[in-house]
Amino acid sequence: MKALQRNIALRWKFSIAIGLFMIVIMTIGASLILHYQKRILVEMLQDKGKSLSLFLSETINEPLHRRNLQGINDTARNALKDKEVAYILITDDSNRIINDRDRALNIPADTLKGWGIDTSDKGSLLNLLLRRDELIHIASPVTVKINPASGAGPLKIGTVHVGLFSGKLTAFIKRAKRSLVLITILVIISLSVMVFFLLNFFT
């Protein structure tokens, strides 16, 4: 009787050990998968931001050089039609925002208030936005060729600042975490039960 009890206890201990081992392996695997997926999504958003900022820098170089504020504002407003774009800020060579704030932001007023951002203060608006981890920030210089015949390089006259919402990324990561946790639990339970019955069958 004691031998039988000891045998059963050993089986349970072995099953628990296998379960713990699978928890470690599945946790490491899930963490690596999440890290890889997050990196891919971040790179996709960054690529989108870079493409948009480069396109805008080429589009507004002439309006910015001529101080055509209407052209600058219209370009920024059109870019904001993409709902993943949080802001488009155009700064001059002194890093001063020159486009209108109502044509520069896609961020709800309540969100800005919660972040402690006063949009009427253009002097601090960009710096405050750059501190937000909820956004992905990309910048591209705006340049013009003053005198191509002289062989001089392009002159920087400003910068395009693009901010993208990372909310979809956060939501995706949360869903992925829940799914991976559920799968991990099911796999551990299934393997533990299978190991226990196999031990009973072969011993």
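Me: Happy to look at this with you! In which element of the protein is confidence lowest, and in which is it highest?
Reply: Keep in mind that this is a predicted model. The mean pLDDT of the protein is 80, and 78% of its residues reach 70 or more. Confidence is lowest in helix H6 (residues 167–202), with a mean of 69, and highest, at 93, in S1.

Me: Thanks! How many helices and strands does the protein have, and in what order do the elements run?
Reply: The secondary structure comes to six helices and three strands. Read from the N terminus on, the order of the elements is α-α-α-β-α-α-β-β-α.

Me: How are the three strands ordered in the sheet, and which are the edge strands?
Reply: The sheet is open, with antiparallel pairing and the order S1-S3-S2. An edge strand pairs on one side only, and that describes S1 and S2. The twist from one strand to the next averages 15°.

Me: Let's go into the pairing. How many bridges join S1 to S3, and which residue of S3 stands opposite Ile90?
Reply: S1 and S3 run antiparallel, and seven bridges join them. Asp92 has Gly158 in S3 as its bridge partner. For Ile90, the residue opposite in S3 is Val160.

Me: Is S1 largely enclosed or largely open, and why?
Reply: A residue counts as buried under 20% relative accessible area. In the protein as a whole, buried residues make up 33% of the 203 residues. In S1, eight of the eight residues are buried, so this strand is largely enclosed by the rest of the structure.

Me: Which helix lies across S1, S2 and S3, and at what angle to S1 does it run?
Reply: The helix in question covers residues 122–130 and is H5. H5 lies across S1, S2 and S3, and its angle to S1 is about 135°.

Me: Now for the interior, a favourite topic. Which residues have the most contacts inside the largest nonpolar core, and which elements contribute to it?
Reply: This core has 21 residues, and those with the most contacts inside it are Leu52, Leu56, Leu64, Ile88, Ile90, Val160 and Val162. Two or more residues come from each of helix H1 (2–59), helix H3 (69–79), strand S1 (85–92), strand S2 (135–144) and strand S3 (155–165).

Me: What does Val160 touch, leaving out residues up to four places away in sequence?
Reply: Val160 is among the residues with the most contacts inside the largest nonpolar core. Its partners are Ser53, Leu56, Ser57, Ile60, Leu89, Ile90, Ile138, Ala139, Ser140 and Val142.

Me: How many residues does the second, separate core have?
Reply: Tyr87, Ile97, Ala104 and Leu105 are among its members. The count for this second core is 14 residues.

Me: Why does Asp133 count as exposed, and how far is its C-alpha atom from that of Ser166?
Reply: Asp133 is found in the loop between H5 and S2. The cut-off for exposed is over 50%, and Asp133 counts as exposed because its relative accessibility is 73%. Asp133 and Ser166 are 33 residues apart along the chain, and their C-alpha atoms are separated by 8.4 Å.

Me: One last point on the backbone: what is the phi of Arg67, and what is that of Asn95?
Reply: Arg67 sits in the loop between helix H2 (61–65) and H3, and is partly exposed at 43% relative accessible area. Asn95 is in the loop between S1 and helix H4 (109–114), and is partly exposed at 48%. Neither is a glycine, yet phi is positive in both: about 60° for Arg67 and near 65° for Asn95.

Definitions and conventions. Residues are numbered from 1 along each chain as its sequence is written. This is a predicted model: local features need pLDDT of at least 70, side-chain atom pairs count only at pLDDT 80 or more; totals for chains, interfaces and linings use all residues. Side-chain values use heavy atoms; hydrogens and water are left out. A nonpolar core is a set of buried Ala, Val, Leu, Ile, Met, Phe, Trp, Tyr and Cys residues joined through side-chain atoms within 4.5 Å. Buried means under 20% relative accessible area, exposed over 50%, partly exposed in between (1.4 Å probe, protein chains only). Helices (H or I, at least four residues) and strands (E, at least two) are DSSP runs, numbered from the N terminus. Contact means heavy atoms within 4.5 Å. pLDDT is the predictor's confidence in each residue, from 0 to 100. Two strands pair if DSSP finds at least two bridges between them. Axes are lines fitted to C-alpha atoms, for helices over the stretch in contact, and angles run from 0 to 180 degrees between N-to-C directions.
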